[in-house]
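Me: I'm new to this one, so could you take me slowly through a single part of it? I'd like a close look at the salt bridges, and at whatever they sit alongside.

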Amino acid sequence: MAQKDYMQDYRLPLAHRICDKIDLPEDIYRNCCHIEITSDCYAIVDGCKGVLEYDSDKVKLKLGKKSVTFCGSGLTIKSLSQEQAAIEGLIVSIEFI
């Protein structure tokens, strides 16, 4: 029985097994985005691949094959790097496409 469990573990992708062993979050090996929202005024988006649309009422970010849109008022991009964006302002809604 132990042999079967051992073999099942090796059917998982290498990145999944490594993250599992060192207790990294699932979004790391699944190439997912991670969004943290503080109240209705601040959001951090990890996994951001670029800005698709930007004005004071709407910020649309590319997340690989998908995108996320923040709608509200007074929205600004406080910081932007290759993998992360920080949005500040009154966030009224969030759409995933």
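Reply: Here's a walk through the salt bridges, followed by a look at the nonpolar core.

Keep in mind that this is a predicted model. Searching the whole structure turns up three salt bridges, so let's take them one by one, using the 4 Å limit between a side-chain nitrogen and a carboxyl oxygen as our yardstick.

Start with E83 and K49. Their closest N and O atoms are 3.3 Å apart, which is within the 4 Å limit and so counts as a salt bridge. This pair links distant parts of the chain, with the two positions 34 residues apart in numbering. E83 sits in the loop between β5 (66-80) and β6 (84-96), while K49 sits in the loop between β2 (42-46) and β3 (50-54). How open are the two ends? E83 is partly exposed, at 44% relative accessible area, and K49 is partly exposed too, at 40%.

Next up are K78 and E88, whose closest N and O atoms lie 3.6 Å apart. K78 belongs to strand β5 and E88 to strand β6, so this salt bridge ties together parts that are 10 residues apart in sequence. As for accessibility, K78 has a relative accessible area of 52% and is exposed, because the cut-off for that label is over 50%. E88, at 32%, is partly exposed.

The remaining pair is E53 with K58, where the closest N and O atoms are 3.9 Å apart. That still falls within 4 Å, so the pair makes the list. E53 is partly exposed at 33%, and K58 is partly exposed at 30%.

Now for the nonpolar side of things. In soluble globular proteins, nonpolar side chains tend to be buried together. The largest nonpolar core here has 13 residues. Which of them touch the most other members? Those are V45, V59, L61, F70, L75 and I87. Strands β2, β4 (58-63), β5 and β6 each provide at least two residues of this core, and the largest share, four residues, comes from β5.

I87 is a handy place to zoom in. Setting aside neighbours within four places in sequence, I87 is in contact with C41, Y42, A43, V59, L61, F70, L75, T76 and I77. Several names there should look familiar: V59, L61, F70 and L75 are also among the core residues that touch the most other members.

Definitions and conventions:
Residues are numbered from 1 along each chain as its sequence is written. This is a predicted model: local features need pLDDT of at least 70, side-chain atom pairs count only at pLDDT 80 or more; totals for chains, interfaces and linings use all residues. Side-chain values use heavy atoms; hydrogens and water are left out. Buried means under 20% relative accessible area, exposed over 50%, partly exposed in between (1.4 Å probe, protein chains only). A nonpolar core is a set of buried Ala, Val, Leu, Ile, Met, Phe, Trp, Tyr and Cys residues joined through side-chain atoms within 4.5 Å. Contact means heavy atoms within 4.5 Å.
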